[in-house]
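Here are some notes on helix packing and the nonpolar core, set out as numbered points. Please read them next to the coordinates.

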Amino acid sequence: MTGEKSKDKMLERGIEDTLVTDFAGEERSSYGDFLQLKTLLNLQKTFQDPPQPDELLFIIIHQASELWLKLLHYQIKAMRDDLRADKFGPAIKHVARIKSIQRQLIVSWETLLTMTPADYLLFRDALGSSSGFQSYGYRRIEFILGNRDRSTLSVHKHDADVTEMLEQDIAEPAVYDEVIRLLARQGFDVPADLLERDFSKPYAGDDRIVKIWKQVYLDTERYWDLYCLAEALLDVETLFQRWRHDHAAAVERVIGMQHGTGGSSGVAFLKKALDLRFFHDLYDVRSDMFYKAKKS
C-alpha cells in the first residue's frame, strides 16, 4: 500500500502553498484578466452552422497573423525612432526582434497548408469578398517600409478611422527615408531634394546615394555601424520577400490559379509583389560594385 501511495504522488505535481489561487475581491489581475482571455478566445466566430472542420484553423491563423503584424509594426516604428536619434545599437536590436517576428509569420503558412483544397471548399464561399489584401495591419507594414502605393487605400475607404490612420502613415518618412537623413548627419553629401521630399511618394533609388553606400561597403572598418545597418535592413527585406513567396505558394497549393475571394487574380496577383523592393540602393550598390570590378 505504501508503494502505491508513493506512485500516486509521482503522478501529481500539486501546487505550492505560496501560489495565489483566490482572486475574488483582489486588486491584482489573474492571467485571464490581464490578457482579456474571455474576449480574445471568443473572437473566433465560424462562418457556418454547423462549422466546417477547418474554419477554426483558418480564423486563428489569420487572427494570430494580424497580432504579429501589429507587433511587427510597433517594432519597426521603434527602429525608425532610433535611426532618427542616430542610435545604431538599439536600432539593430530592434531588427533582431523584427526578424524573429517575420519568421513566426512565415511558419504560419506551414500550419495553414495542412488544409487541403477539399477542406477549403467546404467554407470558402462563406468568406464572401473578404481578402488578406484588405488587411490594414499589413498595409501599415508596407507603408512604413517604403511601399507607398496610394491606390491600395481604396479598399479601406469604407472605414474612415482606418483611412485616416493610413493617410498619416503614408505621409511620414519611411524607414529608408530616415536612413538617408542619417547618412547626411554622418557627414555624407546627401542631396537636399532627398531630405525634404514628398514622403507619401515611393522612393525608387538614387545613384547619388548608391555612391555613398559604395564608400561604406569598400571601407567597412571606417563605416562599420552603417555597414551593419545596411545588412540588417537587407535581412528584413529578404525575410519579407520570403513571406510573400510562401504566401503565394500556399495559395497556389490550396486554390491553384483561380481568382482570390476579394476579386484579385489570386496567385498571379501575389507574385507581382515579389518584384517590389523597399531598399533599392542597397541592391543597386551590389550591381555597381560587381559591374565595375568585372570591367577592371
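1. In this predicted model, α9 and α12 run roughly antiparallel to each other, because their axes cross at roughly 170° and an angle over 145 degrees counts as roughly antiparallel. The two axes come within 13 Å.

2. On the α9 side, the contact with α12 uses V175, V179, L182 and L183. The partners in α12 are L226, L229 and L233. By class, the residues of this contact are seven nonpolar, no polar and no charged.

3. A second pair to check is α11 with α12. Helix α11 covers residues 207-218 and helix α12 covers residues 224-255; their axes come within 9 Å and cross at roughly 110°. That angle makes α11 roughly perpendicular to α12, and the crossing is left-handed.

4. Which residues make the contact of α11 with α12? From α11 come W213, V216 and Y217, and from α12 come L226, Y227, A230, E231 and L234. This contact has seven nonpolar residues, no polar ones and one charged. L226 is listed in the contact with α11 and also in the contact with α9.

5. As general background, nonpolar side chains in soluble globular proteins tend to be buried together. In this model, the largest nonpolar core has 60 residues. The residues with the most contacts inside that core are I76, M79, L145, Y176, I209, W213 and L226. Two of these names, W213 and L226, also appear in the contact of α11 with α12.

6. At least two residues of the largest core are supplied by each of α4 (55-84), α5 (88-112), α7 (136-145), α9 (175-185), α10 (192-195), α11, α12 and α14 (280-295). Helix α12 gives the most, with 13 residues.

7. Y176 deserves a separate look. Not counting residues up to four places away in sequence, Y176 touches Y203, I209, W213, F279, D281 and L282. Of these, I209 and W213 are also listed among the residues with the most contacts inside the largest core.

8. Another core, of five residues, lies apart from the largest one; L153, V162, L166 and I170 are among its members. L153 sits in the loop between α7 and α8 (160-171). Is L153 buried or exposed? L153 is buried, because its relative accessible area is 8% and buried means under 20%.

9. Leaving aside neighbours within four places in sequence, L153 is in contact with F143, L166 and E167. L166 is thus named both as a contact of L153 and as a member of the five-residue core. From L153 to Q134 the C-alpha to C-alpha separation is 9.3 Å, with their positions 19 residues apart in sequence.

10. S108 is in helix α5 and counts as buried at 12% relative accessibility. Not counting residues up to four places away in sequence, S108 touches I61 and S65.

11. H245 is in helix α12. Is H245 buried or partly exposed? With 45% relative accessibility, H245 counts as partly exposed. H245 and R124 are 121 residues apart in sequence, and their C-alpha atoms are 22 Å apart in space.

Terms used: Residues numbered from 1 in each chain as written. Predicted model: local features only at pLDDT ≥ 70, side-chain atom pairs only at ≥ 80, totals over all residues. Heavy atoms only, no water. Axes fitted to C-alpha atoms, helices over the stretch in contact; angles between N-to-C directions. Helix = DSSP H or I, 4+ residues; strand = E, 2+ residues; numbered from the N terminus. Parallel < 35°, antiparallel > 145°, perpendicular 65-115°, else oblique. Left-handed = near helix turned anticlockwise from the far one by under 90°. Contact = heavy atoms within 4.5 Å. Nonpolar A, V, L, I, M, F, W, Y, C, P; charged D, E, K, R; others polar. Core = buried A, V, L, I, M, F, W, Y, C linked by side-chain atoms within 4.5 Å. Buried < 20%, exposed > 50% of the residue type's maximum accessible area, 1.4 Å probe, protein only.
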